[in-house]
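Work through the exercises below with the sequence and the model open. Try each task before reading its solution.

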Amino acid sequence: MRETGNFGCDNDDVSPTPAQQAQAARIARELAALGFALPGTLADRMTRCGRANCRCHADPPRLHGPYHQWTRKKNGKTATRILTDDQFADYAPWFDNHRRLRELITELEALSLAIAEADPRWNR
Ligand SMILES: [Zn+2]
């Protein structure tokens, strides 16, 4: 049982609605089942190399790739790595998981803000 102070108000407790509690439980279940999550973005890129006589510098250019390029922030700097097809197959779902993780965090924050904003103890 939780102690609640008397603030001179009949309804002085944080009170998520049943729908809000169900939403929080659904978010928690999905988070628990999510699995691994890799930050950053995956994009297929065509590139030029450093050899001046290469076909990628010809007219018209025939670029190298496409490569599975993984870009993320690492210690404030942009870090880029190229994934093999094998790695791409293995890790692509982890990038999807990370995107979903961000969505769930945003949803949980919005839900929590809505509950806090409805708290009757504000503006006393
Ligand atoms: Zn080249």
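**Exercise 1.** At 25% relative accessibility, does Cys49 count as buried, partly exposed or exposed, and why?

Solution. This is a predicted model, and the percentages are computed from it.
- Step 1. Take the cut-offs: buried is under 20% relative accessible area, exposed is over 50%, and partly exposed lies in between.
- Step 2. Cys49 has 25% relative accessibility, so Cys49 counts as partly exposed.
- Step 3. Apply the cut-offs to His64: at 13% relative accessibility, His64 counts as buried.

**Exercise 2.** Which residues coordinate the zinc ion, and through which atoms?

Solution.
- Step 1. List the donors. Three are sulfur atoms, the SG of Cys49, Cys54 and Cys56; the NE2 of His64 completes the list. The distances run from 1.9 to 2.3 Å.
- Step 2. Write the spacing of the donors along the chain: C-x4-C-x1-C-x7-H.
- Step 3. Place two of them. Cys49 sits in the loop between strand E1 (41-47) and strand E2 (64-74), while His64 belongs to strand E2. The pair therefore ties together parts that are 15 residues apart in sequence.

**Exercise 3.** Why is the arrangement around the zinc ion called tetrahedral?

Solution.
- Step 1. Recall the ideal: four tetrahedral donors have angles of 109.5 degrees at the metal.
- Step 2. Recall the cut-off: four donors count as tetrahedral if all angles lie between 85 and 135 degrees.
- Step 3. Check the site. The four donor atoms subtend angles of 102 to 119°, so the arrangement is tetrahedral.

**Exercise 4.** How do the strands pair, parallel or antiparallel?

Solution.
- Step 1. Lay out the elements. The chain has two helices and three strands. From the N terminus on, the order is α-β-β-β-α.
- Step 2. Pair E1 with E2. They run antiparallel and are joined by six bridges. Leu42 stands opposite Trp70 in E2.
- Step 3. Pair E2 with strand E3 (residues 77-83). This pairing is also antiparallel, over seven bridges. Thr71 has Thr80 in E3 as its bridge partner.
- Step 4. Inspect the turn. The hairpin of E2 and E3 has two residues between the strands, and Asn75 takes a positive phi near 55° there.

**Exercise 5.** Which aromatic pair is edge-to-face at 5.6 Å centre to centre?

Solution.
- Step 1. Search the whole structure: there are three aromatic pairs.
- Step 2. Pick out Trp70 and Phe95. Their planes stand 75° apart, and the pair is edge-to-face at 5.6 Å centre to centre.
- Step 3. Locate the partners. Trp70 is in strand E2 and Phe95 in helix H2 (residues 85-117), 25 residues apart, so the pair links distant parts of the chain.
- Step 4. Check accessibility. Trp70 counts as buried at 14%, and Phe95 counts as buried at 5%.
- Step 5. Look for a cluster. Phe36, Tyr91 and Trp94 form one.

**Exercise 6.** Where does pLDDT stay under 50?

Solution.
- Step 1. Start with the average. The chain has a mean pLDDT of 90, and 90% of the residues score at least 70.
- Step 2. Compare the elements. Confidence is lowest in E1, at a mean of 93, and highest in helix H1 (residues 18-32), at 97.
- Step 3. Find the weak stretch. Residues 1-9 stay under 50, and the model has seven contacts for them beyond four places in sequence.

Definitions and conventions:
Residues are numbered from 1 along each chain as its sequence is written. This is a predicted model: local features need pLDDT of at least 70, side-chain atom pairs count only at pLDDT 80 or more; totals for chains, interfaces and linings use all residues. Side-chain values use heavy atoms; hydrogens and water are left out. Donors are N, O and S atoms within 2.8 Å of the metal (3.2 Å for Na, K and Ca); water is not among the atoms, so sites may look incomplete. Four donors count as tetrahedral if all angles lie between 85 and 135 degrees; four count as square planar and six as octahedral if opposite donors are over 155 degrees apart and all others between 65 and 115; anything else is irregular. Helices (H or I, at least four residues) and strands (E, at least two) are DSSP runs, numbered from the N terminus. Buried means under 20% relative accessible area, exposed over 50%, partly exposed in between (1.4 Å probe, protein chains only). Two strands pair if DSSP finds at least two bridges between them. Rings of Phe, Tyr and Trp (its six-membered ring) pair if their centres lie within 6.5 Å; planes under 30 degrees apart count as stacked, over 60 as edge-to-face and the rest as tilted. pLDDT is the predictor's confidence in each residue, from 0 to 100. Contact means heavy atoms within 4.5 Å.
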